[in-house]
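Student: Could you take me through one part of this protein slowly? I would like to look closely at the sheet, and then at what lies elsewhere in the fold.

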Amino acid sequence: MIHPPVISPARDLAFRVLKKVHNGGYASDLLRHEGASLDTRDAGLAETIVMGVLRYQGQLDFLIGYFAGRKQPKLDLEVRIALHMGIYQLRYLDRVPPHAAVTESVELAKHGGKQSAAGFVNAVLRKVNRNPIKWPDRATELSLPPWMLARWDKQFGVEAAEKIARAALLEPEVNINPETGRQQDVGAQTIVPLLAIQPGMTFLDLCAAPGNKTAQAIEAGALVVACDRYLKRLEEVPATAQRVVLDATKPLPFSRKFDRILIDAPCSGTGTLGRNPEIKWRLKPGDANLFSARQREILDQARRFMKPGGRIVYSTCSLENEENQNVIQALRLRAETHLRLPGRDPGDGFFAAVITLV
């Protein structure tokens, strides 16, 4: 009796996670929660496949048509994911046996309920090779939505835009903040120092989760009040902070003012595409405006609670003007601004505005 090939735990997890990402989930959260029972090797391979597929999705979509011999065939989600996974392993990974990448991708299509497409998946993957490809355009080569590339070309210039896009194709480095012992991107570590905290200062952190910047403020000697919208989001915030559940767009429930205020605002996250690659396929033109109203409301509330001579830092991990300079200008605030660009500066992209009121 012939038994069907067994799908490895790593590829099974990768397939399930990619389906859930398509339906709105976030890859890093899904991998962490659903891969908790896997051994280190399987969990590592699953993460490599998921993140690689999402980073290179633009190239992979083109390659499906290229190796199928027809332009962008219309495919069910399960078939497309199986092909993305197979092509990525065959062309981009060095230590994966080709037969495993092909066979298990075919089986994943079957297990996804698309048995009728198994022959097509098998035929396409057996044509995949590592020969150089002439990409049809810059956006495909950089694996970026054309509208996003055009936007960055205009905002930063062609050279800087390409550096940002290429940085998003790389696996981010793992960095530990030496002061807090927490894993924290090097770009993110630069925000709290802009507050120039002195020991004993009162500090309000309005969008505190997951608490890495809160921990920096505590290490600097601040007396910290850390806030976020949901109690669960405050679980990782250091317990030495006073933790408050609130919506920072609404009037704040404080009877005192603060020496220092941090607004690490919710944003589109376009500075973190290497770490969160699904963002670039999820955003649509104009989506930056979805965040800007909320960002202005939070900043408007915060400035009412700053002591005379105090300081606010407003920051995002976005590269978009609507979420950055335009928010500051809309409230007519005086600010010294800083911008970190992936590919030019180490780590994720960040905007920060140091605000003093007169």
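Tutor: Happily; we will begin with the sheet and then move on to a helix, the hollow spaces and a few backbone details. Please keep in mind that this is a predicted model.

Let us start with the strands. The sheet is open and holds 7 strands, in the order S3-S2-S1-S4-S5-S7-S6, with mixed pairing. At its edges stand S3 (242-245) and S6 (335-340); each has a single partner strand, so one side of each is left without a neighbour in the sheet. From one strand to the next, the twist averages 15°. As general background, strands of a sheet pair through backbone hydrogen bonds, either parallel or antiparallel.

For a closer view of one pair, look at S4 (residues 258-264) and S5 (residues 306-316). These two strands run parallel and are joined by 6 bridges. Here you can find Phe-258 standing opposite Met-306 in S5.

Now add a helix to this picture. Helix H11 (residues 212-219) lies across S1 (202-205), S2 (223-228), S4 and S7 (350-355), and runs at about 170° to S2. The loop between S1 and H11 contains Pro-210, and the peptide bond from Ala-209 to Pro-210 is cis, with omega near 0°. That is worth a pause, as most peptide bonds are trans.

Two further backbone details are found in other loops. Ser-143 is in the loop between H8 and H9, and its phi is near 50°, a positive value in a residue other than glycine. Ala-196 is in the loop between helix H10 (158-167) and S1; Ala-196 also has a positive phi, of about 50°. How do their surroundings compare, buried or partly exposed? Ser-143 has 0% relative accessibility and therefore counts as buried, while Ala-196, at 31%, counts as partly exposed.

Next comes helix H5 (residues 77-92). With 16 residues at 1.5 Å a residue, H5 should span 22 Å, and its end C-alpha atoms are 21 Å apart, which agrees. Of those 16 residues, 14 are buried, so H5 is largely enclosed by the rest of the structure.

H5 also leads us to the second largest pocket. Helices H1 (9-22), H3 (40-55), H4 (57-68), H5, H8 (138-141) and H12 (278-282) each supply at least two residues of its lining. In total 25 residues line this pocket, and Gln-57, Asp-61, Arg-80, His-84 and Trp-281 lie nearest its centre. The space in the second largest pocket is about 570 Å³.

There is an enclosed space to find as well. The count comes to 1 cavity of 30 Å³ or more, and the largest cavity holds about 70 Å³ of space. Its lining has 13 residues, with Trp-147, Leu-283, Lys-284, Ala-288 and Glu-320 closest to the centre. Helix H9 (residues 146-156) gives the most to this lining, with 3 residues.

Finally, visit Gln-301, which lies in helix H13 (residues 288-303). Gln-301 has a relative accessible area of 11%, and is therefore buried. Leaving aside residues up to four places away in sequence, Gln-301 touches Ala-248, Thr-249, Lys-250, Pro-251 and Leu-252.

Notes
Residues are numbered from 1 along each chain as its sequence is written. This is a predicted model: local features need pLDDT of at least 70, side-chain atom pairs count only at pLDDT 80 or more; totals for chains, interfaces and linings use all residues. Side-chain values use heavy atoms; hydrogens and water are left out. Helices (H or I, at least four residues) and strands (E, at least two) are DSSP runs, numbered from the N terminus. The expected span of a helix is 1.5 Å times one less than its number of residues. Buried means under 20% relative accessible area, exposed over 50%, partly exposed in between (1.4 Å probe, protein chains only). Two strands pair if DSSP finds at least two bridges between them. Axes are lines fitted to C-alpha atoms, for helices over the stretch in contact, and angles run from 0 to 180 degrees between N-to-C directions. Contact means heavy atoms within 4.5 Å. On a 1 Å grid over the protein atoms alone, a cavity is a set of points where a 1.4 Å probe fits but cannot get out, and a pocket is an open set with protein on both sides within 12 Å along at least five of seven lines; lining residues have an atom within 4 Å of a point. Grid points are joined across faces, edges and corners, and a volume is the space filled by probe spheres set on the points.
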